[in-house]
Amino acid sequence: GAATGTFTTSPTAATVNNLIVNRGAGVTLSQNITATGNLDFQNGLLTPSTFNMTIGTAGNVINYTSGKYVNGKLFRAYNATGSKIFPIGKSGAYRPMSLDITALTGTSTVAAEDFESALTGTLPAGVNLNNTHYWDVSQSGGTGIAYKVTLDPTGDTVTGTVVMLKKESGTITSNASTTPNYTNASAYSGMTATVSHTLGSGCTQTISAGADQVSSATCGLTTVTLSAVSPTYGTGAWSIVSGTGGSFSNTASPTSNFTGTAGVTYTLKWEVTNGNCINNDLVDVKFNQNPTAASNTSTQTICSNASALLTANTPGVGTGAWSVLSGPSTDPLQFSSLSSASATFTPNGGAGSYIIRWTISNSPCSASTADAIISVTSAPNAGTLSGTQSICSNGSTTFTSNGDLGGTFSSNNTAVATVDPSTGVITPVAAGTATITYTVTGTGPCANATATRTVTVTTAPNAGALSGTQAICSNGSTTFTSNGNAGGTFTSDNTSVATIDPSTGVITPVAAGTATITYTVTGTGPCANATATRTVTVTAAPNGGALSGTQAICSNGSTTFTTNGDAGGTFSSSDTGVATVDPSTGVITAVASGTATITYTVTGTAPCGNATATRTVTVNPAPTASITGNNGPVICSGSTASFTISGTTDAVVTYNINNGSPATVTLTGGTATVTVSAASLRPAQDDSSEIGGTATCHGERSLPFARHRTTLLTVMV
């Protein structure tokens, strides 16, 4: 192969022990070769072209340099964890890399190849490429693989913290790297397809536009020198974010001069561009103006209850503010406005000398001040009046003041209330409202001081005097009336004796005794209620009760009437020709047929009248009755006997046979006939002497009498 530089074996063999490259012009493979021993570079490059150069699991690469390496893809076999070198490059660039397998199952054949072009795809945010080349790595055969790669940074441009960039399945990720040997800090897991690797830089860096220049150092200035920090990577440029009329002496210089307009605040940006990254920082610059010189011409004398109109200049630059430099009070609330040049000053510390200051400020520049003196004379003080304001027409009140002593009280309406000018004692005259004034005389420039308070007089209620009958019977009533105000309310202090209608005054007795009746007229406002009283005495009424007793008696009889009323009364008869009555016992004695009214009278005690109860008694004539009938000695079996009862017409006659059960019959027309059977006439037992003989009934055989039987018929009317 000295002429062509193409390496072949003869006979063709895919595997050799050691392979030595020793040709200054290099060697190009014309077949796949696996070296189980060493790939030894003595001279020149080994170009695999379209064939595979593989180093077995026990093989190694030796004597490689930047002029002796594999110019293309190199395969290396792993059957265990460990690191192996890939001395590869392309297009005259030597790009060695190492691959350290940290986990592996089985045997893996790893292929590595350098490409002299920039890695394509979307970079992660904040990352730049350090170079324009990358390494493709792939493997076959192994499983459960984890690995680290070490990349050669020769010729790289570092613009920040170096990171390992890995492109897998079209996605580029940034991974932490060790230094100075650029190796991924954490092992990559898995390799199912070709993975591209290269180096990049995290382009985030600390950017400083310098300290803000807004302090008093810029007072009166329109130009300042900026103090940004020069970037470690990239270039910087100044720009104006806000504020008008400014300019830079050199936008690219971190210490450029900046000129602006007095009184304007600017926000400036120092922006550093570093490849794929742009970072910036802001700084504020304010060209502060000195305030307008202060002027204050407010010196004057006032009363302590007055206000002073202040005169100062309105600032062209800055803001004005009033303050009390010294005096009885330094309270800022004494000014109507702290910022108005024409504010009013109302002292609240009393008499004395007040030094007031007008300050024009434009921070952070030094302020300008001007002073004036306000002389304050004491004003009279009438204070505040106190005392009961609402009084009744039959009362009084006193007003007092917490102000100066020696003042004078007066009333603006003496028809309603008068006031003692010294003591403040108020005497009501009539209903209405009056204003009471307390006046303290002022001195010098100060006017009199007054304090006022109203007093309202309310008319007192009038219950008047009560009239009406005071002694009543328990079954009567009376009415109390008042000659005072109408609309009051009547009440009883003893409703168990007497109650009263609260509106009409009608008294209803309940039981014997004495009760006090009160008439109350409600007071309004400060006035108490008015009352008038009168007693009423209730006497118990006599009780005739109700009479009871038999009212119908026979002319030959009597009855007794009784009462459930009071004992000790007297009975009397309205017709002693019909019936008389015992006055004490109520026993009534019939005299003749007719009706009489019996009266029971109980004598009343003043103011109560007598009580009576009545009941009628009717006296009927006594009835008569006689009996006749079949008294023959013999009644045949199955026969009947008839008796005739005569007597008083329509009398009801009760009769019985042999003392048997009673029966009744009415003597219609004065007579009645009773028919009975022979069986009912047979006595219960034989109690007569024996009589001999025979009897024949309706053709029956005569029977001898064994005994004589007797039947008794008894009649009672």
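Here is a short question-and-answer tour of this predicted model.

Student: Let's start with the overall picture. What radius of gyration does the chain have?

Tutor: The C-alpha atoms fill a box of roughly 205 × 130 × 30 Å along the principal axes. If the 717 residues formed a compact globule, the radius of gyration would be near 27 Å. The value for this chain is 73 Å.

Student: And how many strands are there in the chain?

Tutor: Just one helix turns up in the chain. The count of strands is 71.

Student: What share of the residues is buried?

Tutor: To count as buried, a residue needs under 20% relative accessible area. Of the 717 residues in the chain, the share that is buried comes to 37%.

Student: What about contacts along the sequence: what percentage comes from residues 24 or more positions apart?

Tutor: Take the contacts in the chain with a separation of 6 or more. Among these, residues 24 or more positions apart account for 54%.

Student: On to the nonpolar side chains. Which members of the largest nonpolar core touch the most other members?

Tutor: As a rule, in soluble globular proteins nonpolar side chains tend to be buried together. Here the largest nonpolar core has 37 residues. Those touching the most other members are Leu39, Leu46, Phe86, Met97 and Leu99.

Student: Which residues does Phe86 touch, not counting those up to four places away in sequence?

Tutor: Phe86 is one of the core members just named. With those sequence neighbours set aside, its contacts are Leu74, Arg76, Tyr78, Arg95, Pro96, Met97, Leu99, Val110 and Ala112.

Student: How many residues does the other core have, the one lying apart from it?

Tutor: Ala294, Ala341, Phe345 and Ile356 are among the members of that other core. Its residue count is 18.

Student: Now a loop residue. Is Ala185 buried, partly exposed or exposed?

Tutor: Ala185 sits in the loop between strand S22 (182-183) and strand S23 (188-189). Beyond its neighbours within four places in sequence, Ala185 is in contact with Lys148, Ala176, Ser177 and Thr178. Its relative accessibility is 37%, and the buried class stops under 20% while the exposed class begins over 50%. So Ala185 counts as partly exposed.

Student: What distance separates the C-alpha atoms of Ala185 and Asn175?

Tutor: Along the chain, these two are ten residues apart. In space, their C-alpha atoms are separated by 7.6 Å.

Student: Let's look at sheets. Which are the edge strands of the open sheet S38-S45-S44-S41?

Tutor: Four strands make up this open sheet, with mixed pairing. An edge strand here pairs on one side only. That picks out strand S38 (390-392) and strand S41 (408-411).

Student: Over how many bridges do S44 and S45 pair?

Tutor: Strand S44 covers residues 432-440 and strand S45 covers residues 449-458, and they pair in the antiparallel sense. Tyr438 stands opposite Ala451 in S45. The number of bridges is nine.

Student: There's also the sheet S47-S54-S53-S50. In which sense do S47 and S54 pair, parallel or antiparallel?

Tutor: That sheet is open, with four strands and mixed pairing. Ala471 stands opposite Thr537 in S54. The two strands are joined over three bridges, and the sense is parallel.

Student: Further along, is Thr559 buried or exposed?

Tutor: Thr559 belongs to strand S57 (residues 558-560). Setting aside neighbours within four places in sequence, it is in contact with Gly549, Thr550, Ile553, Gly586, Val587, Ile588 and Val617. Because its relative accessibility is 9%, Thr559 counts as buried.

Student: Which backbone oxygen does the side chain of Thr559 reach?

Tutor: The distance is 3.2 Å. The oxygen reached belongs to Thr550.

Student: Which residue in S61 is the bridge partner of Thr560?

Tutor: S57 and S61 run antiparallel and are joined by three bridges. The bridge partner of Thr560 is Val587.

Student: Which side chains of S61 point to one face and are buried?

Tutor: In a regular strand the side chains alternate between the two faces of the sheet. Along strand S61 (residues 587-590), Val587 and Thr589 point to one face and are not buried. Pointing the other way, and buried, are Ile588 and Ala590.

Student: Last one: which residue in the turn between S60 and S61 has a positive phi?

Tutor: Strand S60 (residues 579-581) runs antiparallel to S61, with three bridges, and Thr580 stands opposite Thr589. The two strands form a hairpin with five residues between them. The phi in question is about 80°, and it belongs to Gly586.

Definitions and conventions
Residues are numbered from 1 along each chain as its sequence is written. This is a predicted model: local features need pLDDT of at least 70, side-chain atom pairs count only at pLDDT 80 or more; totals for chains, interfaces and linings use all residues. Side-chain values use heavy atoms; hydrogens and water are left out. A nonpolar core is a set of buried Ala, Val, Leu, Ile, Met, Phe, Trp, Tyr and Cys residues joined through side-chain atoms within 4.5 Å. Buried means under 20% relative accessible area, exposed over 50%, partly exposed in between (1.4 Å probe, protein chains only). Contact means heavy atoms within 4.5 Å. A polar contact is a pair of N or O atoms within 3.5 Å; within protein, one must be able to donate a hydrogen and the other to accept it, and residues adjacent in sequence count only if both atoms are side-chain atoms. Two strands pair if DSSP finds at least two bridges between them. The radius of gyration is taken over C-alpha atoms; the globule rule is 2.2 Å times the number of residues to the power 0.38.
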